[in-house]
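Q: Please take a close look at one helix of this model. Which of its residues face inward and which face outward, and how does the helix fit into the chain as a whole?

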Amino acid sequence: MNQMLQEPEAQTQLAQPQEAQVSVPERASVPDTPERPPAPVHPRFVKPQRVAFVQASWHRDVVEECRIAFLEEIEARHILRAQVDLFEVPGSFEIPLHAQLLAKTRRYTAIVAAGLVVDGGIYRHEFVADTVIKALMDVQLKTEVPIFSAVLTPQQFHESAVHHDFFRKHFVIKGIEVAEACANTLHSLERLRGQVAAGITG
């Protein structure tokens, strides 16, 4: 059914004027790298979280960039890689059923889907993407397990190095964004459920 993935320094030299042989004091050492701003402090969860990441294997070399970026960003937001289970399916069309079965286990507090739907020249690929997104929304509402989509459908995708490189970089961005959305939503739901349990919400 599904298959778990296993997972210069440049030295600055002062120019010496040719006409004047005057010794120049040695320049003060400069840090190799500029000071980075402090890393953002993300809130921690009250309860343990567990996430399922469902990835389509079609164009795996592109889509996996989303998974790699997601794992790095979600760990910075206090969900460890060990708390993320990775599943691979043949294509994006197979994601919703897997998401539904995973949601029904009640094991996961969130599910993330990633895939690339491209124009095959025979069918309207945007229909497939729309169907997948709608199905994921239906699963989310029926099970009350939040589902996050990084299932993308470009207007144009050609089997060229340029397009592969462009979309690999784009999926890195989407992986970071979906991790941020996942963590923020889980925090929001955690607060909301606490308020409902305490009878605070109207």
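A: Helices (H or I, at least four residues) and strands (E, at least two) are DSSP runs, numbered from the N terminus. By that count, the protein chain of this predicted model has four helices and five strands. Along the sequence these elements follow the pattern β-β-α-β-α-β-α-β-α. Residues are numbered from 1 along each chain, local features need pLDDT of at least 70, side-chain atom pairs count only at pLDDT 80 or more, and totals for chains, interfaces and linings use all residues. Side-chain values use heavy atoms, without hydrogens or water.

The accessible surface of the chain (Shrake-Rupley, 1.4 Å probe) comes to about 13300 Å², and carbon and sulfur atoms account for 56% of this area. Of the 202 residues in the chain, 37% count as buried, that is, under 20% relative accessible area, with exposed meaning over 50% (1.4 Å probe, protein chains only).

The part chosen here is helix 2, which spans residues 95–104. Its buried residues are Ile95, Pro96, His98, Ala99, Leu102 and Ala103. Viewed down the axis of helix 2, these buried residues fall within an arc of 160° (taken from the directions from the axis to the C-beta atoms), so they line one face of the helix. Leu97 and Lys104, by contrast, are exposed and belong to the face of helix 2 turned away from the buried side. After helix 2 comes Arg106, which has a positive phi near 60°.
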